[in-house]
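Hi,

Here is the structure I promised to pass on. Have a look at it first, and then read on for what turned up.

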Amino acid sequence: MKNMNVKNGDYPKEIKISDKPNEVEIDDLTITANKCQQNSFSVLEKYDEVKYVKGILLIIDKENCAKALPHAWNEKDGNYFDVTKEVIWKGEIFEEIVNKKYLVVKIYSKDDSIDVESFSDETNKIAKGINQELIKRDK
C-alpha cells in the first residue's frame with residue numbers, strides 16, 4: 001500500500017459498516033471493551049471466510065468535534081461489520097457521538113500474520129495525521 005499523506009487529503013478508503021451477518025454467531029465469543037483487535041481476531045479465527053480489517057475510526061460528536069482512532073473490525077463477502085460496536089458501544093457514553101466513519105488501512109485473511117497487540121506504525125501515523133488536520137481545522 002502506498003504511503004498516505006493526510007496533509008494532501010490522501011485518506012484511506014471509507015467504507016460503510018453493516019450489522020453482523022446472521023450466519024456469523026458470536027454468542028460463544030468473549031467481546032471485550034477496548035479490545036477491538038482481539039474481538040475481531042476471534043471472529044476471524046472462528047470463520048474461514050471472514051477477514052480482519054485494521055483501519056481508522058473517525059468519531060464525530062454533537063458539537064462537531066472529531067477524533068481519529070486506530071480500530072479493527074471484520075469483512076465478509078464485501079460487507080463490513082464491527083462486533084465491538086454491536087456488543088459494547090451502547091449507553092450514555094455513545095449518545096454524544098452522532099457519526100462514525102470507518103477508513104480501511106489494511107485487510108487480512110486467516111493465513112496472514114496479524115499483530116493483535118498493537119496497531120501498525122502506518123495506522124498510527126494516519127490517525128495522528130488526521131487528528132493534526134482536525135486540530136488545524138478547529139483553530
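A word on terms before the core: a nonpolar core here is a set of buried Ala, Val, Leu, Ile, Met, Phe, Trp, Tyr and Cys residues joined through side-chain atoms within 4.5 Å, and buried means under 20% relative accessible area. Keep in mind that this is a predicted model.

With that in hand, the largest nonpolar core comes to 11 residues. Its members are Ile 56, Leu 58, Ile 60, Ala 66, Ala 68, Leu 103, Val 105, Ile 126, Ala 127, Ile 130 and Leu 134. Strand 3, strand 4, strand 6 and helix 3 (121-138) each put in at least two of them, and helix 3 has the largest share with four residues.

If you want one residue to click on, try Leu 58. Setting aside neighbours within four places in sequence, Leu 58 touches Ala 66, Lys 67, Ala 68, Asn 99, Lys 100, Lys 101, Ile 130 and Leu 134.

Now the sheet. It is an open one, built from six strands in the order 1-6-3-4-5-2, with mixed pairing. Strand 1 (13-15) and strand 2 (17-18) sit at the edges with a single partner strand each, so one side of each has no neighbour in the sheet. The partnership of strand 1 with strand 6 is antiparallel and runs over three bridges; within it, Ile 15 has Tyr 102 of strand 6 as its bridge partner.

Then there's the pocket, which you'll probably want to open up. The largest pocket holds about 420 Å³ of space. It is lined by 21 residues, and those closest to its centre are Asn 34, Lys 35, Cys 36, His 71 and Trp 89. Helix 1 (36-46), strand 3 (51-61), strand 4 (66-76) and strand 6 (97-108) are the elements that give two or more residues to the lining. Sorted by class, that lining has 13 nonpolar, five polar and three charged residues.

Asn 34 deserves a second look for its backbone too. It has a positive phi of about 65 degrees without being a glycine, and its place is the loop between strand 2 and helix 1. With a relative accessibility of 78%, Asn 34 counts as exposed, because the cut-off for that is over 50%.

Asp 77 is another non-glycine with a positive phi, of about 55 degrees. You'll find Asp 77 in the loop between strand 4 and strand 5 (79-81), and it is exposed at a relative accessible area of 59%.

Cheers

Note on methods:
Residues are numbered from 1 along each chain as its sequence is written. This is a predicted model: local features need pLDDT of at least 70, side-chain atom pairs count only at pLDDT 80 or more; totals for chains, interfaces and linings use all residues. Side-chain values use heavy atoms; hydrogens and water are left out. On a 1 Å grid over the protein atoms alone, a cavity is a set of points where a 1.4 Å probe fits but cannot get out, and a pocket is an open set with protein on both sides within 12 Å along at least five of seven lines; lining residues have an atom within 4 Å of a point. Grid points are joined across faces, edges and corners, and a volume is the space filled by probe spheres set on the points. Ala, Val, Leu, Ile, Met, Phe, Trp, Tyr, Cys and Pro count as nonpolar, Asp, Glu, Lys and Arg as charged, and the others, Gly among them, as polar. Buried means under 20% relative accessible area, exposed over 50%, partly exposed in between (1.4 Å probe, protein chains only). Contact means heavy atoms within 4.5 Å. Two strands pair if DSSP finds at least two bridges between them.
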